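Please open the model in your viewer and keep the sequence panel beside it. The tour below proceeds by selection, one stop at a time.

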Amino acid sequence: MSKDNGYIYVVTTLDTKSTEAFYVKSLIKKTGADALIVDLTTVADSSARGADITATTVARFHPEGESAVFCGDRGKAITAMSLAFELFLKSREDVLGIIGLGGSGNTALITPAMQALPIGIPKLMVSTMASGDVSGYIGASDIAIMNSVTNISGLNRISRKVLKSAANQIAGAVVFCQNDSEAVTDKPAIGLTMFGVTTPCVQQLTQKLENDYDCLVFHATGSGGKAMEKLADSHLLHSVLDISTTEVCDYLFGGVLACSDDRFGAIARTKIPYIGSCGALDMVNFGSRPSVPEHYRGRRLYQHNPQVTLMRTTPEENGKMGTWIAERLNRCEGEVRFAIPMGGFSALDNIGGDFWDPEADQAFLDAFKAAFIETPHRKLIVSPHHINSAEFNQLLINLHKELIH
């Protein structure tokens, strides 16, 4: 691989992890790939550390300059350097891949910038934090995290093996990515959100659309919605069929698969053609039954499997969701259609089903209508059919055709 093609960035803090960084760089270069070491040390920089890109160079990308990074307060310095590194990385056009090395501080320092890189650029974080909850480090990106096993504090018989494996993994990912001869589809990409209880709806949609569109289905588990909106923000989606907005339930009522307050934000920012619906807005997700919060124990619960317990939303909760979603869609100036299936919001919410509750669904509709501001480009459609029915599916197809023609 020639140097003109770009580099694999080896990123760490050289004041504590220089031996590991140069070891990883040497291993990458043995594969035929090229590597640069980026120093993110948050104390006054010294070129004697031997970085290809010094900490001072990165720190100067902070909006307030390098003094915001080299401020003497470790917590503030890490936050500032993280922002500076993100802005630095966005300015580069030679990043073929990136590998970070560190513990909790470095992982928090490096991964936000990794998240800002486009999907598809190989990203690997070797971290002591890999065996815990890494959702905050990964976000909606395609970051891989490898457990360092021992602390990244010098080379030993274990760290050498782990770092060698990591170096070969990032190099292999870059080489194979560069040599990928698979034809990229030229069909427009559509983002669709799906949950287990809305699977029939989304499967019908993809079967009808896949001849003309590249259908990207996202599991509505919190990270799924964020990933879809990240692609929308990156202008990598043609349109969105946001069938399963269930992450809103968990965000508002303490479930485990929550979106963020920025849900629907990408739709407003990009004005992407958007069709939304109420998929699984009848449920809040928790883990095993003992994990359900005490104040919810008397509610209508459904054990989906030993590790997933669902709680039926009440009319009051549905009203709050209707208002919350409508107010956010009011910020959207692109083509927006929101379709409400009054025959039921999920596979459990149908006549005779465990979550059948017409009063609760009506409360969502009433609140949504009261808050939603209709315009020629932003419309509400109410259907008497169930979300997984053929009739509602055809309605969604017709709405999509309306938006793009």
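Select Thr13 and display its surroundings in this predicted model. Leaving aside residues up to four places away in sequence, Thr13 touches Ser18, Asp39, Leu40, Thr41, Asn106 and Leu109. Thr13 lies in the loop between β1 (7-12) and α1 (14-30). Is Thr13 buried or exposed? Its relative accessibility is 8%, under the 20% limit, so Thr13 counts as buried.

Step back from Thr13 to strand β1. Five of the six residues of β1 are buried, which leaves the strand mostly covered. Add β3 (residues 95-102) to the selection: β1 and β3 pair in the parallel sense over five bridges, and Tyr7 stands opposite Val95 in β3. Next add β2 (residues 35-39), which runs parallel to β1 and is joined to β1 by five bridges. Here Val10 stands opposite Ile37 in β2.

Now select two helices, α3 (residues 74-91) and α4 (residues 104-116). Two packed helices are described by the angle between their axes and the distance between the axes. For α3 and α4 the angle is about 25 degrees and the axes are 8 Å apart. The angle is under 35 degrees, so α3 counts as roughly parallel to α4. Their crossing is right-handed. To view the contact itself, show side chains: the α3 residues that meet α4 include Ile78, Met81, Phe85 and Leu89, and among the α4 residues on the other side are Ala108, Leu109, Pro112 and Ala116.

Move on to residues 187-403. According to the unreviewed UniProt entry, the annotation "domain: UPF0261" covers residues 8-176 and 187-403. Over residues 187-403 the chain is 36% helix and 21% strand, and the end C-alpha atoms are 17 Å apart.

Which strand order does the open sheet of six strands have? The order is β7-β6-β8-β9-β13-β14, with parallel pairing. The edge strands are β7 and β14 (378-383), each of which pairs on one side only. On average, neighbouring strands of this sheet are turned by 15 degrees against each other, direction ignored. For a detailed look, select β9 (residues 274-277) and β13 (residues 336-341), which pair in the parallel sense over four bridges. Within this pair, Ser277 has Ala339 in β13 as its bridge partner.

Add α7 to the view. Helix α7 packs on the sheet, where it touches β6, β7 and β8, and its direction makes about 165 degrees with that of β6. The buried residues of α7 (residues 199-209) are Thr199, Cys201, Val202, Gln204, Leu205, Thr206 and Leu209. They pack against β6 (189-194), β7 (214-219), β8 (239-242) and α13 (390-404). Then select α13, which lies across β6, β8, β9, β13 and β14 and runs at about 170 degrees to β13.

Two loop residues deserve a stop for their backbone angles. Most residues other than glycine have a negative phi, and most peptide bonds are trans. His235 is not a glycine, yet has a positive phi of about 60 degrees. His235 is placed in the loop between α8 (223-233) and β8 and is exposed, with a relative accessible area of 61%. Lys271 likewise has a positive phi, near 60 degrees. Select the loop between α10 (265-270) and β9 to find Lys271; this residue is partly exposed, with a relative accessible area of 45%.

Proceed to β10 (residues 283-286) with side chains shown. In a regular strand the side chains alternate between the two faces of the sheet. In β10, Met283 and Asn285 point one way, Val284 and Phe286 point the other way, and all are buried. Strand β10 pairs with β12 (residues 308-312) in the antiparallel sense over four bridges. Asn285 has Leu310 as its bridge partner in β12.

Finish with α11 (residues 315-329) and α12 (residues 358-371). Their axes come within 7 Å and cross at roughly 30 degrees, which makes α11 roughly parallel to α12. The crossing is right-handed. Among the α11 residues that meet α12 are Met321, Gly322, Ile325 and Leu329; on the α12 side, the residues include Ala360, Phe364, Ala367 and Phe368.

Conventions
Residues are numbered from 1 along each chain as its sequence is written. This is a predicted model: local features need pLDDT of at least 70, side-chain atom pairs count only at pLDDT 80 or more; totals for chains, interfaces and linings use all residues. Side-chain values use heavy atoms; hydrogens and water are left out. UniProt positions are given in the numbering used here, feature names are shortened, and annotations may be inferred rather than shown by experiment. Buried means under 20% relative accessible area, exposed over 50%, partly exposed in between (1.4 Å probe, protein chains only). Contact means heavy atoms within 4.5 Å. Two strands pair if DSSP finds at least two bridges between them. Axes are lines fitted to C-alpha atoms, for helices over the stretch in contact, and angles run from 0 to 180 degrees between N-to-C directions. Angles under 35 degrees count as roughly parallel, over 145 as roughly antiparallel, 65 to 115 as roughly perpendicular and the rest as oblique. A crossing is left-handed if the near helix is turned anticlockwise from the far one by less than a right angle, and right-handed if clockwise.
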